[in-house]
Amino acid sequence: MVDELVLLLHALLMRHRALTIENSQLMEQLRLLVCERASLLRQVRPPSCPVPFPETFNGESSRLPEFIVQTASYMLVNENRFCNDAMKVAFLISLLTGEAEEWVVPYIEMDSPILGDYRAFLDEMKQCFGWDDDEDDDDEDEEDNY
């Protein structure tokens, strides 16, 4: 009986050794697959946005042109996120603070049609916060390209 136990123990030790080797090989394969996956994900993921996220707008007239250029540029390079006028207007509204935020509240409360018309919304902002008509003519081409 002791001989049988010794043989059984020997068989178990041999099986343990084989499983340990197999486990090490599988772990190495797993490590290689994880590295390959990370490499593939880097190739598939879109590059980071070349245009920085726009700054907020508080109603300061002198900053309106800069705000419009920043937001239009950001939406242009992220056009898949801003597929219609309502999305564009909602994005602009999300960046309004202070006086500008107070200005937009009545439009939201009455569910104004302007909220679905990007060009009309910009025109209203320009009218409210001041925009030199000469500048408007120069910048209109840029906005129309968007």
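**Figure 1. Overview of the protein and its surface.** The protein exposes about 10500 Å², and carbon and sulfur atoms supply 57% of that area. The model shown here is predicted. It contains 6 helices and 0 strands. Along the sequence, the elements of the protein follow the pattern α-α-α-α-α-α. The protein has 146 residues, and buried residues make up 27% of them. Of the contacts between residues at least 6 apart in sequence, 60% join residues at least 24 apart.

**Figure 2. A nonpolar patch formed by M1, L5, L8 and L12.** These residues make a nonpolar surface patch of about 480 Å². M1 sits in the segment before helix 1, and helix 1 covers residues 2-44. M1 counts as exposed because its relative accessibility is 74%, over the 50% that marks an exposed residue.

**Figure 3. The salt-bridge network of E55, R63 and E66.** Side chains of opposite charge can pair when their charged atoms come close. The count of salt bridges in the model comes to 2. One of them pairs E55 with R63, with the closest N and O atoms 3.8 Å apart. Another pairs R63 with E66, and here the closest N and O atoms are 3.3 Å apart. Through shared partners, the salt bridges join E55, R63 and E66 into one network. R63 takes part in the bridge to E55 and in the bridge to E66.

**Figure 4. Exposure and spacing within the network.** R63 is buried, because its relative accessible area is 15% and the limit for a buried residue is under 20%. E55 has a relative accessible area of 45% and is therefore partly exposed. E66 is also partly exposed, with a relative accessible area of 36%. E66 belongs to helix 2. In sequence, E66 and E55 are 11 residues apart, and their C-alpha atoms are 9.2 Å apart in space.

**Figure 5. Helix 3 and the helices around its buried residues.** Helix 3 consists of residues 85-94, and its buried residues are K88, V89, F91, L92 and I93. The buried residues of helix 3 pack against helix 2 (64-77), helix 4 (98-109) and helix 5 (118-129). V89, one of these buried residues, appears again in the view of D117.

**Figure 6. The N-terminal cap of helix 3.** N84 caps the N-terminal end of helix 3. A side-chain oxygen of N84 lies 3.1 Å from the backbone nitrogen of A86. Residue 85 begins helix 3.

**Figure 7. D117 and its contacts in helix 3.** D117 is located in the loop between helix 4 and helix 5. Apart from neighbours within four places in sequence, D117 is in contact with D85 and V89. D117 and V89 are 28 residues apart in sequence, while the distance between their C-alpha atoms is 7.3 Å. D117 is partly exposed because its relative accessible area is 31%, which lies between the limits of 20% and 50%.

**Figure 8. D111, a residue with a positive phi.** D111 has a positive phi of about 50°, although D111 is not a glycine. The residue is found in the loop between helix 4 and helix 5. D111 has a relative accessibility of 60% and so counts as exposed.

**Figure 9. Cysteines C83 and C128.** The structure holds 0 disulfides. C83 has a relative accessible area of 61% and is therefore exposed. C128 is partly exposed, because its relative accessible area is 39%. C128 falls within the residue range of helix 5, 118-129.

Definitions and conventions:
Residues numbered from 1 in each chain as written. Predicted model: local features only at pLDDT ≥ 70, side-chain atom pairs only at ≥ 80, totals over all residues. Heavy atoms only, no water. Patch = residues over 30% accessible without salt bridge, like charges linked within 9 Å, V, L, I, M, F, W, Y side chains within 5 Å. Areas by Shrake-Rupley, 256 points an atom, 1.4 Å probe, with all protein chains shown as cover. Salt bridge = Lys/Arg side-chain N within 4 Å of Asp/Glu carboxyl O. Helix = DSSP H or I, 4+ residues; strand = E, 2+ residues; numbered from the N terminus. Buried < 20%, exposed > 50% of the residue type's maximum accessible area, 1.4 Å probe, protein only. Disulfide = S-S within 2.5 Å. Contact = heavy atoms within 4.5 Å. Polar contact = N/O pair within 3.5 Å; in protein donor to acceptor, adjacent residues only side chain to side chain.
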